[in-house]
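Got the viewer open? Let's walk through one part of the fold, one selection at a time.

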Amino acid sequence: MEQRWTLGGWKKPQAAINNQEQWEESLASKGLLVVDVYQAWCGPCKTAVSLFRKIKNELGDDLLLFAVAEADSIDALDKYRGKCEPTFLFFAGGELVAVVRGANAPLLQKTILEQLEAEKKVLNQGQDRKVIKDETLLEEEEETSLVPPQTEDDELIPSGKSYTVAIIKPDAVAHGKADEIIMKIQEAGFEILANEEKTMTESEARDFYQHRAGEEHFQELIQFMSSGPCHVLIISKSGEEDVIPEWREFIGPTDVEIAKKEKPESLRAQYGTEVLYNAVHGSSDQEQATRELAFFFPTFQQQHQQMDDLSSKNPERTLALIRPDLLRDRKDEVLQSIRDAGFSIAMQKEVMLSEQQVEEFYSEHVNEDYFPAVKQQMTSGPVLALALVKEDAVKHWRTLLGPAKITDALNEAPESLRARFTSNEGEINQLHGSSSMTQAEREINFFFPLEKTLAAIKPDALEEHRDEIMERIQTAGFTISQIKETSLSREMAEEFYKEHKGKPFFEQLVDYMCRGPCLMMILSKENAVQEWRALMGPTDPTEAQTVAPDSLRSLFAKSILQNAVHGSSNEHHAVKKISFIFGDIDMDREINGDHGETQAESKTDEEVKPSEESNEIAALSENEADPQEEES
Ligand code: ATP
Ligand code: MG
């Protein structure tokens with residue numbers, strides 16, 4: 001892709017934006033800019049190229065610009081990395097005005113024409129430009145940062161879907177039929193998840209068709225398949241358990257003559273000329289599809305696997321720590337790498353550890369000579385604790401981290417996180433991971449102990465939406481430790497909300513809270529305070545509807561005053577309000593006695609190898625001789 005931007009338009013229908021600088025330059029241009037954001041492993045969308053060429057020819061409009069941009073090479077596109085589905089971003093005046101997902105030619109065309117019209121009105125008639133946010137991204141961010149992974153992303157992440165590899169063979173491409181075939185594939189309801197134009201070398205073709213090596217026409221087949229460019233596609237179909245039989249049906253019998261007789265509608269009947277030159281290929285079964293996928297798109301499955309893990313039913317958890325120096329300098333980069341590796345972040349908390357807490361966390365190591373240096377680093381600033389979720393999370397995270405000794409990491413695993421995120425060979429490694437499932441649960445419990453919060457369903461919502469709200473509480477995994485229906489007196493309501501005394505809405509708030517009975521609950525969960533607030537959503541329902549459309553307040557609040565539910569705003573308040581509503585209860589008994597064993601014990605125990613653990617921490621403090629070095 002060497003097309004360059006030229007003044008007055010694009011030489012080709014699309015120009016390539018290769019880096020952040022070109023990105024900013026392109027965004028500054030006048031008119032409507034349509035960008036095909038693509039992933040390195042599948043390339044720009046070929047359907048779009050032909051569509052863009054057509055529109056460009058028809059309109060010849062200088063205000064319409066097309067470009068392709070690889071998500072990985074442009075910082076501004078970091079949120080779009082690793083997405084299977086083609087994504088088209090529309091910019092005008094440097095602002096996002098529309099997004100189209102999927103290689104849906106009719107929708108793309110319609111959006112292009114509409115947005116071009118709209119932008120002309122902005123430029124010529126001074127109308128206001130309608131700027132949007134990419135909602136799908138916002139939702140994804142919410143999900144990954146606050147709540148355990150859900151499976152609703154299925155549209156974006158075709159997890160559990162079946163695939164076939166399809167090839168539009170060199171004969172059809174040479175006859176100029178590729179675009180037409182691609183259109184037909186889409187019209188038939190198949191999704192094209194990747195489309196790569198490729199000329200196979202003879203040896204690649206030989207590898208690809210190795211299972212046919214003994215056949216009579218093998219050499220001819222190899223020559224044909226390497227004779228010119230073909231299009232390699234990954235095909236899927238939503239709602240289809242197994243796309244392979246359907247795809248094979250669609251392309252028709254191998255023998256073109258038979259295809260013409262028996263399946264005249266099939267691709268091979270329409271585009272093939274003889275047995276060998278039968279225009280298209282499809283994997284014959286799931287196993288072959290997997291092999292072919294790995295052959296043409298080596299990183300696709302890996303990315304896919306990670307996405308599947310996110311939505312798998314029984315993912316594992318591990319604890320990760322980002323130590324103070326790294327957290328201060330490169331937090332966002334580290335978090336991005338964690339997400340890129342397919343982990344979801346179920347909980348996160350930035351904490352300033354005391355020396356005592358470090359001693360407790362690393363209790364097995366307090367007597368070692370390296371311990372002072374570790375303690376010094378760990379208390380030099382806040383650490384970020386993350387509960388990471390993925391299938392086999394403990395092992396995957398440790399592999400991703402690489403060796404504990406920075407020198408080893410740099411030599412043996414330069415791609416590992418510890419190697420990538422070090423600034424100094426001698427330093428303490430900046431990332432921690434639990435070494436077994438048992439340890440993971442213990443460490444997660446250390447940073448995210450079972451916590452309690454006071455939750456209330458306010459009078460009007462209790463009357464109207466009790467069941468729906470209770471169901472959401474259950475499915476979100478909260479344990480209800482205590483529950484009671486109470487009608488607050490005026491005095492109690494005033495005391496309950498005493499922090500707001502003097503604010504203009506205070507009287508109304510008290511009126512509202514005493515209007516009828518409230519349902520008061522003590523909810524227990526790891527990170528309960530934050531999690532319940534996340535489930536409630538922002539105080540104001542109009543805000544909730546935009547930033548957390550699935551939240552309780554988005555769904556059930558009537559106004560900023562009558563906002564359906566209450567939740568303590570921090571741990572301190574939680575303790576106070578719980579004792580105000582429920583009296584002085586024994587918090588420890590509440591949590592441990594009733595529900596303490598739920599988390600850790602449901603997991604299969606795994607032995608911690610003591611030697612491995614102590615190596616880990618020993619290496620972590622390699623330069624204990626010079627503790628000042630880590631000081632910030
Ligand atoms: P809560 O404490 O009820 O869980 P919150 O912490 O999200 O809600 P606060 O700022 O503590 O919000 O306000 C307490 C309550 O006061 C809100 O839930 C709402 O009922 C009411 N309230 C807050 N701001 C306003 C406002 N600007 N106008 C009217 N009522 C308001
Ligand atoms: Mg509050």
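Start by selecting Val165 and Ile234: these two are bridge partners, with Ile234 sitting in strand 10. Keep in mind that you're looking at a predicted model.

Now widen the selection to the strands around that pair. Val165 lies in strand 8, residues 164-168, which runs antiparallel to strand 10 and is joined to it by five bridges. Want another pair to click on? Pick Ile167, which stands opposite Val232 in strand 10.

Next, add strand 9, residues 191-198. Strand 9 is also antiparallel to strand 10, and seven bridges join the two. For a landmark here, highlight Asn195, which faces Leu233 of strand 10.

Time to look at strand 10 by itself, so select residues 230-236 and show the side chains. Which residues point which way from strand 10? Cys230, Val232, Ile234 and Ser236 go one way, while His231, Leu233 and Ile235 go the other, and all are buried. Buried here means under 20% relative accessible area. Because seven of its seven residues are buried, strand 10 is largely enclosed by the rest of the structure.

Finally, zoom out to the whole sheet. What order do its four strands take? Reading across, you get 9-10-8-11, an open sheet with antiparallel pairing. Strand 9 and strand 11 (280-282) are the edges, each pairing on one side only. Turn the view to look along the sheet: on average, neighbouring strands are turned by 20 degrees against each other, ignoring direction. As for what to look for between strands, the pairing in a sheet goes through backbone hydrogen bonds.

Key
Residues numbered from 1 in each chain as written. Chains lettered and ligands numbered in written order. Predicted model: local features only at pLDDT ≥ 70, side-chain atom pairs only at ≥ 80, totals over all residues. Heavy atoms only, no water. Buried < 20%, exposed > 50% of the residue type's maximum accessible area, 1.4 Å probe, protein only. Pairing = 2+ DSSP bridges. Axes fitted to C-alpha atoms, helices over the stretch in contact; angles between N-to-C directions.
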